[in-house]
Each structure stands twice: as structure tokens, then as C-alpha cells.
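Student: I should like to go through this structure and ask, for each term applied to it, on what grounds the term is used. May we begin with the structure itself?

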Amino acid sequence: MTNSKILLDETIAWVQERVTAKRFNHVRGVALAGDYIASRLPLNLDKEKIALACWLHDSCKELKSSELVTEAKRLGLGPNAFEQENGHLLHGPVAAMTVKEKWNIKDQDILDGIAQHTLGMAPMSIFSQVIYLADALEESRPAQFVMPIWSELGLEPYFETANKSPLGITSEQAELNLAKAMLKASDASIDHLIKVQKPIHPRAVDVRNYFLNKIKKASI
Ligand SMILES: [Fe+2]
Ligand SMILES: [Fe+2]
């Protein structure tokens with residue numbers, strides 16, 4: 001077995017101990033979705049790194065909001081007032097710092113992908129976009145949320161096909177599909193927060209505007 005395979009197996013076992021069975025199922029789905037997106041879109045991504053980021057993304061999700069705030073402060077993340085009031089939003093950044101400490105993972109793509117999976121980031125790497133979308137598109141999410149995002153990606157859902165062959169499109173087109181899917185996911189998340197009268201992190205709006213702008217520039 002390669003070192004990376006051993007690390008992946010060990011980290012999966014560690015995640016399984018830290019989360020509920022339901023959450024572990026979600027995480028497994030995210031890993032399947034991430035691998036599927038990275039296989040079908042010609043984006044030249046390292047699938048071992050995608051797997052690690054997917055498996056680790058929710059490794060701190062069972063911590064209470066107050067614990068996440070304490071951890072974020074201890075780890076030097078300097079949570080702002082909004083994040084201290086909405087501690088659950090810190091589970092990504094806290095997980096990134098935790099796996100860095102615990103597993104000595106230093107790869108910035110993996111750490112960013114984990115840290116940015118909830119709110120996104122502007123600007124945002126292709127790698128991080130795939131992790132964000134894999135999380136958003138996991139099978140247990142409602143169909144009315146996921147189907148329009150799959151449609152922007154130009155793919156059928158991973159749970160409805162065994163086809164993993166790359167689409168015959170250019171990498172530029174694949175990146176544009178990703179940006180459109182990111183915009184669709186951002187819009188839907190913001191819509192939902194408005195409907196349920198929950199606060200919106202200012203960065204979620206920045207991320208939405210970032211992708212809107214990116215798409216507009218690409219279509220000029
Ligand atoms: Fe999460
Ligand atoms: Fe998740």
C-alpha cells in the first residue's frame with residue numbers, strides 16, 4: 001500500500017470515530033461525489049487529494065458551536081463577531097487546522113478545500129470549488145436543490161450513473177460549468193437563509209458576486 005493510501009484509510013477510521021453514523025454516510029457520499037466530479041470534468045485534479053479533503057471536510061462537525069469558537073481562538077483563526085455568534089460556520093476552518101495538527105497535512109489545496117467548504121471564498125481555487133460542490137451535491141440533499149446544480153455542471157448525479165468517463169469538453173468549458181454551478185449553489189443557499197430568516201455571512205454574498213462576475217466576464 002502506498003503512504004497516501006495508508007493515510008487515507010487511517011483518516012477515514014478517525015473520522016468515523018468522531019461523527020455520527022448518519023454524518024459518516026454523508027461524508028462517504030461527498031467522497032463519491034468529489035471523485036465523480038473530478039473524474040468527469042477535465043480539470044486535471046489530483047484525485048487522492050480530493051479524496052482526503054472530502055473525507056476530512058466534516059471531521060469537526062459534531063463539535064458544539066461554543067467548542068468551535070474556543071477551538072478557533074486556540075488555533076489562531078481569529079473568529080469575527082458573526083462567526084462567534086454562529087459558531088457552526090467555523091467547522092470547516094477548525095477542521096482544516098485540526099487535520100494539519102493531527103495528520104501533518106500541509107497541502108494547501110486540501111486545507112483550503114476543507115476550510116472553505118461551507119461558505120466558499122472569493123477568489124476560490126478549482127480544487128476548493130469541487131469540494132464545495134461535492135458537499136452541496138451529496139445524495140441526501142433535496143432534489144430541488146441539487147438538480148439545478150448538476151444541470152449547470154453538465155453532469156447527471158453521481159448516484160444515478162456508473163459512468164465516470166470524462167466529458168468531451170475543454171478545461172475552460174469545465175471551469176465555466178463549475179462557476180455556474182457555484183453561482184447556482186450560492187443563490188440557492190442565500191435564498192434558503194432568507195426564507196428561514198437566518199443571518200447570511202457577508203462572505204457568502206462576496207462569493208456569490210465573485211462567481212456572477214466570473215461568468216459575466218467569460219461570456220463577453
Ligand atoms: Fe460541513
Ligand atoms: Fe458536509
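Student: What makes the lining of the largest pocket divide into 19 nonpolar, 14 polar and 12 charged residues?

Tutor: The division follows residue type: Ala, Val, Leu, Ile, Met, Phe, Trp, Tyr, Cys and Pro count as nonpolar, Asp, Glu, Lys and Arg as charged, and the others, Gly among them, as polar. Under that scheme the lining of the largest pocket comes to 19 nonpolar, 14 polar and 12 charged residues. The model is a predicted one, in which local features need pLDDT of at least 70 and side-chain atom pairs count only at pLDDT 80 or more, while totals for chains, interfaces and linings use all residues. Residues are numbered from 1 along each chain as its sequence is written, chains are lettered from A and ligands numbered from 1 in the order in which they are written, and side-chain values use heavy atoms, with hydrogens and water left out.

Student: Why is one space called a pocket and another a cavity?

Tutor: Both are sets of points on a 1 Å grid over the protein atoms alone: in a cavity a 1.4 Å probe fits but cannot get out, whereas a pocket is an open set with protein on both sides within 12 Å along at least five of seven lines. Lining residues have an atom within 4 Å of a point. Grid points are joined across faces, edges and corners, and a volume is the space filled by probe spheres set on the points. The largest pocket has a volume of about 1400 Å³. Of its 45 lining residues, Thr 118, Arg 141, Phe 145, Ser 189 and His 192 are the closest to its centre. Helix 2, helix 8, helix 9 (143-153), helix 10 and helix 11 each give two or more residues to this lining, and helix 10 gives the most, with 9 residues. A helix here is a DSSP run of H or I with at least four residues, numbered from the N terminus.

Student: How many cavities of 30 Å³ or more are there, and which residues line the largest?

Tutor: The count is 1 cavity of 30 Å³ or more. The largest cavity has a volume of about 50 Å³, and its lining consists of Glu 83, Leu 89, Leu 90, Pro 93, Ala 115, Gln 116, Thr 118, Leu 119 and Arg 203. By class these are 5 nonpolar, 2 polar and 2 charged residues.

Student: What makes certain atoms donors to the iron ion (ligand 1)?

Tutor: Donors are N, O and S atoms within 2.8 Å of the metal (3.2 Å for Na, K and Ca); water is not among the atoms, so sites may look incomplete. Asp 58 (OD), His 91 (NE2) and His 117 (NE2) coordinate the iron ion (ligand 1) at 2.1 to 2.2 Å, and these distances therefore meet the limit of 2.8 Å. Along the chain the donors follow the spacing D-x32-H-x25-H. Asp 58 coordinates both the iron ion (ligand 1) and the iron ion (ligand 2), which are 3.5 Å apart.

Student: How do you know whether Asp 58 and His 117 are buried or exposed?

Tutor: Buried means under 20% relative accessible area, exposed over 50%, and partly exposed in between (1.4 Å probe, protein chains only). Asp 58 has 4% relative accessibility and is therefore buried; His 117, at 2%, is buried as well.

Student: What is notable about the phi of Asn 44 and of Gln 197?

Tutor: Most residues other than glycine have a negative phi, and most peptide bonds are trans. Asn 44 has a positive phi of about 60°, and phi of Gln 197 is near 55°. Asn 44 lies in the loop between helix 2 (21-40) and helix 3 (47-56), and Gln 197 in the loop between helix 10 (171-195) and helix 11 (202-218). Asn 44 has a relative accessible area of 82%, so it is called exposed; Gln 197, at 75%, is also exposed.

Student: Which peptide bond is cis?

Tutor: The bond joining Ala 122 and Pro 123 is cis, with omega about -5°. Pro 123 is in the loop between helix 7 (108-115) and helix 8 (126-136).
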